[in-house]
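Trainee: I should like to request a close look at one part of this model, with its charged side chains and their surroundings treated in some detail. Please give one connected account.

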Amino acid sequence: MEIEKYIDERIKSKFEFYNYGHALEILHNAFPIEWKELQDCLCKLQLTLDDIKKEGGNESPIPKKFDDVLYPYGWREIRISGDLVVKKYPSVLYHSFSAK
């Protein structure tokens, strides 16, 4: 699959893109405005090696840099929560038999 057709030329060499579950096609076709805004923001985003090396989690310069490019488009951070249900199923025993 040729994912390059979904990515703005300005950011192809700046970032690596992977396409899991047809995410790029979905973004491109179902949310074209949002996908364009994200690409515009990625074009404007300037991360340095010092930014990456600096410790501090949310206190590092990286979240602020994302805010600086996303907030003018009206993007805001949200908190998503969910429940995880884990079920244990009995294991099936497999026996290997050697042919005689």
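**Helix 3 and its charged residues**

Mentor: Leaving aside residues up to four places away in sequence, E37 touches Y73 and W75. E37 itself belongs to helix 3. The model is a predicted one, with a mean pLDDT of 86 for the protein and 87% of its residues at 70 or more. Helix 3 is where confidence is highest, at 95, whereas helix 4 has the lowest, at a mean of 89.

E37 is buried yet has no salt bridge. The nearest side chain of opposite charge is that of K36, 8.4 Å away, and a salt bridge requires a nitrogen-to-oxygen separation within 4 Å.

D40, also in helix 3, is buried as well, with a relative accessible area of 11%, but D40 does form a salt bridge with R10, the closest N and O atoms being 2.7 Å apart. This pair links distant parts of the chain, with D40 in helix 3 and R10 in helix 1 (residues 9–12), 30 residues apart. R10 counts as partly exposed, at 44% relative accessibility. The contacts of D40, again without residues up to four places away in sequence, are R10 and Y73; Y73 is also touched by E37.

D40 has a further salt bridge, to K36, at 2.9 Å from N to O. Here the two residues are 4 apart in helix 3, so about one helical turn separates them. K36 and D40 also belong to a network of salt bridges that includes D8 and R10.

A search of the whole structure finds 6 salt bridges. Another of interest joins the side chains of D51 and K65, at 2.5 Å from N to O. Because D51 lies in helix 4 and K65 in helix 5 (residues 61–70), this pair ties together parts that are 14 residues apart in sequence. D51 is buried, with a relative accessible area of 8%, while K65 is partly exposed at 24%.

Between helix 3 (32–44) and helix 4 (49–53) there is a loop, and T48 is placed in it. T48 is partly exposed, its relative accessible area being 36%. The C-alpha atoms of T48 and P61 are separated by 9.7 Å, although the two residues are 13 apart along the chain.

The cysteines C41 and C43 deserve a separate remark. The count of disulfides is 0. The sulfur of C41 has its closest cysteine sulfur in C43, at 9.8 Å, and therefore no bond can be assigned, as the distance is too far. C41 is buried, with a relative accessible area of 3%, whereas C43 counts as partly exposed at 22%.

Finally, the nonpolar side chains should be set beside the charged ones. In soluble globular proteins, nonpolar side chains tend to be buried together. The largest nonpolar core here has 7 residues: I3, Y6, I7, I11, F17, L24 and W35. I7, one of its members, touches K12, F17, L24 and Q39, residues up to four places away in sequence being left out. F17 and L24 are thus contacts of I7 and also members of that core.

To return to the request, two buried acidic residues of helix 3 can be set side by side: E37 has no salt bridge, whereas D40 is bridged to R10 and to K36.

Methods:
Residues numbered from 1 in each chain as written. Predicted model: local features only at pLDDT ≥ 70, side-chain atom pairs only at ≥ 80, totals over all residues. Heavy atoms only, no water. Core = buried A, V, L, I, M, F, W, Y, C linked by side-chain atoms within 4.5 Å. Buried < 20%, exposed > 50% of the residue type's maximum accessible area, 1.4 Å probe, protein only. Contact = heavy atoms within 4.5 Å. Disulfide = S-S within 2.5 Å. Lys, Arg positive; Asp, Glu negative; His and termini not counted. pLDDT = per-residue confidence, 0-100.
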